[in-house]
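Biologist: Got a minute to walk me through this one? Put it up on screen and we'll go from there.

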Amino acid sequence: MTYQPGSLVSARGREWVVLPDSSDVFLVLRPLGGTDDDIAGVLTTVEPVTSAAFDPPQPHDLGDQTSAGLLRSALQVGFRSSTGPFRSLASLAVQPRSYQLVPLLMALRQETVRLLISDDVGIGKTVEAGLIMAELLALGEARSVSVLCSPALAEQWQRELREKFGLEAELVLPSTARRLQRSVIGSESIFERYPVTVVSTDFIKSDRRRHEFLRTAPDLIVVDEAHTAVTDGGAGGGKARSQRHDLVRALASDDSRHLILVTATPHSGKEESFRNLIGLLDPDLATVDLEAASGRALLAQHYVQRRRADIRRFLDETTPFPEDRQTQEVPYALSPQYAALFEDVLAYARTSIRADGTRLQQRVSYWSALALLRSLASSPRAAAQTLSTRAARVESAEEADAIGRSVVLDETDDEGAEVSDVVPGADDSETTRREQRILRDFRDRALALEGKPDAKLGRLVKVVKGLLADGFQPIVFCRFIDTADYVGTELERALSRNTSVAVVTGTLPPEERTARIAALADMGGHRVLVATDCLSEGVNLQDQFQAVVHYDLAWNPTRHEQREGRVDRFGQQAKVVRAVTIYGKDNYVDELVLDVLLRKHEAIRKATGVSVPVPNSNQEVVEALLEGLLVGGDRQAALDIDVQTQVAALDSAWRSAAEEERRSRTKYAQDAIHPEAVADEVAEIRASIGSHADVRDFVGSALRALGSTVVEGADALTASAGALPAGLLDALPPSLGDPMTLRHDFPVGRGEAVLQRTDPAVGALASYVLEAALDPELPTQFRPARRCAVVRTREVTARTTLLLLRYRFHLTLPGRAGERRAVAEEARVLAFEGAPQSARWLDPAPTESLLDVRATANIAPQQAEDFVVRVLDGLDHLTPHLDEVGDQLASRVVESQRRVRDAAGGIRRGLTATAERPVDVLGVYVFVPEAGA
C-alpha cells in the first residue's frame, strides 16, 4: 500500500507520521508527537504497517483552565516542520535575529543566489550564510554545498554547520583528502560523494586540484574571507592570492551556480579590489557606475553590509554587544641587564648591516638585524632562538624583502595565508667566526634574563592578576611561538593554583587548538589563554574570555583589531571588555610602532567609525624609521631623519582610505529589503511557531506545573530540577545544573540554556509536555497539560468551545533539481458558540482571548464530562468547517512561499500544499457561562 507524506500509520504499537523519501516498501517515519531524533525506518515487507487515525480526547481525562494554553504552546514550540515562509527555520538549532533574515530574503528573491555578506566583525555572518545554505538545501534549490575557507577555520565551520544547522560536513584538508578519496566509488569525486563539505581554499586552489574541483564542484559555494580571493589588478598579491582568484572566478563563471561571498572587509579603500569582488556576483558590477542610482540599485540586490549600530536595535529586538571596550596602554622599563643587552645588540645590528656586497647580501643583513631587535623586544626566549637560527635562505633581494616584511613587519601580500609565528633567523650565513661568537654570547645573556630580570614579564603578571581580580578571563597574544611558550610557563609559576593556563600556537593543528581551548574552558577557577596570532582571526573566543592583552605589539594594526575582535563580538556575556597593550618605553622599537601605526589606527577608527588596513605606503615609512634607528642608534635619531613628510603622507592616505570606506558603507547601504518587509515575514514565522514571549511563558508555566521552583530574574529564570519527572530529566542536556539557568536571550554561559524554541532544553520540555498529555496512563502530577477541560466563567455569555488542532500538510516544492516533497505542521485554535450541530464560529481575536479565560466558579466532574461528550459526539458536524480551514491554510502556505521569492517566481510554478485529512483534534476546552449552560 502507498502512504503519502504527512499521513498517519500504525506500527510497533504506536502512531507515526509518514515522511518524504518513503517508498512502498520502506517508510521513513516520525513518531506522532516525537522529534527528528526519533525518526525510524520500517520495511513494510518485514513489519506490519496499517493506516491510522488520531484518537480524539477522552472525556474523563479532564484538566484545569491552564491546559489549553500549555498544550498549544508545547505543540508550537515542538514543531520542526512549520508552514512558515522559510522551510528550514523550524528544524534549525539556532533562532536567528530578525536582522539576520535580511540576507536570506535577498537570496530567495534571486533565481540564482549571488550575494556578498559584509556585515561587521562579530555580527553573525556565519549564521547568515548558514541560513541561506540550509534553506536552499531544504527547498531542493541546491543539491550540495562547499564552504571554502582557511584551514584554521575549517573545524569551526564544520562545528557551526552541525550544531546550528544540522548539516554534517566532511572536511577536505591535506590530512583528510586521502581518506575521503578511498571512500568514493568508481569515477565519482569527493564532492559528488559528500553533499556538504568544508574545503581548505589553499588546498584546493593548486592547478592540479583546482581543475578536478571545478569539474564536480557543488551547485552552492560559500567563500569565507572572500577579500583574500581577489586581486587589485596590480603585480602584488603573490601566487597564492592569484590562484584563489582564478578558482573563485572560474566557479562564478557558471551562471547557474549559487555563490555566497563572506567578508568583513570588502572595500578597505581599494576600489579595484572591490570591483573585482562584486564582479564575481554579476559581471556588470565590475564596470557599472556606482555613483548612479541605477548602479547602486543593482549592487543592492547582491550586497549587504551593516555595522553594529545599524542592527543593535532592529524591529522589536535588541542585540546585545559589549557596551564598551576599555583600552589601556601599560608601559614598562627594561631592567639594567636587559637594557645593557639591548644597547649591545643595537650597536651590533648597526655594524652588521652590509654596505658592500651584493644587493641580496645587503637586504639579508638588514632584515636579520631587524629580526634580532624584534625578537629581543618580544622576550629573552625568542631572542635566544633567533640568535640560534640561521636566516632563511633566499635567492633574490626581492624575496628577502618579501620574507622580511612578512616576518618582521607583519605585512603580507597574501591575507589568506595563516600568520607565521616562528621566530626569524639572525645568523646570516656570511657571518664571520668572530660575529658568531658575539651572537652566541648574546644568546647566553638573553637566556639569563628569563624570569625575574625580565621587567616586561613582571608587568604582564601584574596586569593578568588585576584582570582576574576584576572578573576578566584574558587572552595574552604573543608574536612568536617561543615567547608564548615562555610566557605560559612563567604565568603558571606566578599565578595562584586556582588559575589554569593554556598555550596555543601554530605548532598545533587547528583541531588540537580547538580541543585545548575547550579543555581550558572546562577547568574550574580562573583561566588564562596564551596564544600567537594563529588565533587572531575568525576564531570565536567570546564564550570563555573577556579581555585581550597585547604582550607583543603587532606591527600591523589590523592584527590588533582582529585580536580584540575575538572577544568583542555578539555572544559576549560581559558588558565591558578590556584590551591592554604592554609596551617598552625605552626599547626604541615599541614607541615607534605605537606612534606611527597603532595610535593613529585607533584615532582614525574613533574619528570615522570604521577600521581599515594601513595603506601600502606604510612599508616605506616604517622601514625608513627603522633604518634611522639602526643608523643613529636611538629613537630620536630615527625621528630626526628626513621621514616626517612620509609620516604625514601615510597619515593622510590612511585617513582618506577610512573616509572612503565610511562613505562606501553609506553609499552602498542595503535598501533592497526594507525593515517592514522583514517584519511581515518575522510576524508570520512567529505566528506559526511561537514568539520569544510564548516560549518564555511556556517554559515557566510548564516547569511550575511539574513541581519546579521557578524564580524570574531580569535576564534569566532559574528553576530547580529535583522534583522534575525522570523522563524529562533524562531528556534535558546533561550540562544543565540544579538549579537550571535559562537565559531570556543570548549570550549564554556554559551549562546554561536560552529561552528559545531551538534550545535543546526547551525542545525537550515541549516534547515531554506533549507526549505526557497524549499518555493518560501517566500519573497526574507528571501531566501538566490535558486534552480536555471545562471552565465555568463570567467571561463568556454563551457556551463556547475551543478546539486545539494540528494540521499536517503535504508540500510539493519544485526546484532546479526537480520536485521535492515535504511535510509541514501548524497548530491552530478554533472556537464556536453553541452546540456542534449549530456552531457559530468566532473570529481569530476572540478565539485567542479564550486562552486567557479563568474560572470563576466550580463545576461538577460528571457535568464537565457531559459537556465534553457533547462536543466529541458532534465532531462530524464540525468536520466540513475544519477541512475548509485546512484548505485555506494550504493556500496561505503557497502564497507565503511565493511571496518571499517574488523575484524568481517562475521557477516556483507547480508549488502545492495539500492539507491531510482528517485534522488532528488534540484538545477540547469548553467554557460555560457562570449562570449555567
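**Sheet and helix pair**

Modeller: There's an open sheet of five strands, ordered β4-β3-β2-β1-β5, with antiparallel pairing. Strands pair if DSSP finds at least two bridges between them; helices (H or I, at least four residues) and strands (E, at least two) are DSSP runs, numbered from the N terminus.

Biologist: Which strands stand at the edges?

Modeller: β4 (40–43) and β5 (50–51); each has a single partner strand, so one side of each lacks a neighbour in the sheet.

Biologist: And how many bridges join β1 and β2?

Modeller: Four, in the antiparallel sense, between residues 8–11 and residues 14–18. Leu-8 of β1 faces Val-17 in β2.

Biologist: Before I lean on this, what's the mean pLDDT?

Modeller: It's a predicted model: local features need pLDDT of at least 70, side-chain atom pairs need 80 or more, and totals for chains, interfaces and linings use all residues. Residues are numbered from 1 along each chain as its sequence is written, and side-chain values use heavy atoms, without hydrogens or water. The mean is 82 for the protein chain, and 82% of its residues reach 70 or more; pLDDT is the predictor's confidence per residue, from 0 to 100.

Biologist: Switching to helices: at what angle do α1 and α29 cross?

Modeller: Roughly 130 degrees, with the axes of α1 (residues 67–78) and α29 (residues 760–773) coming within 8 Å. Axes are lines fitted to C-alpha atoms, for helices over the stretch in contact, with angles from 0 to 180 degrees between N-to-C directions.

Biologist: Which residues make the contact?

Modeller: Leu-70 and Leu-75 of α1 are among them, as are Val-762 and Leu-770 of α29; contact means heavy atoms within 4.5 Å.
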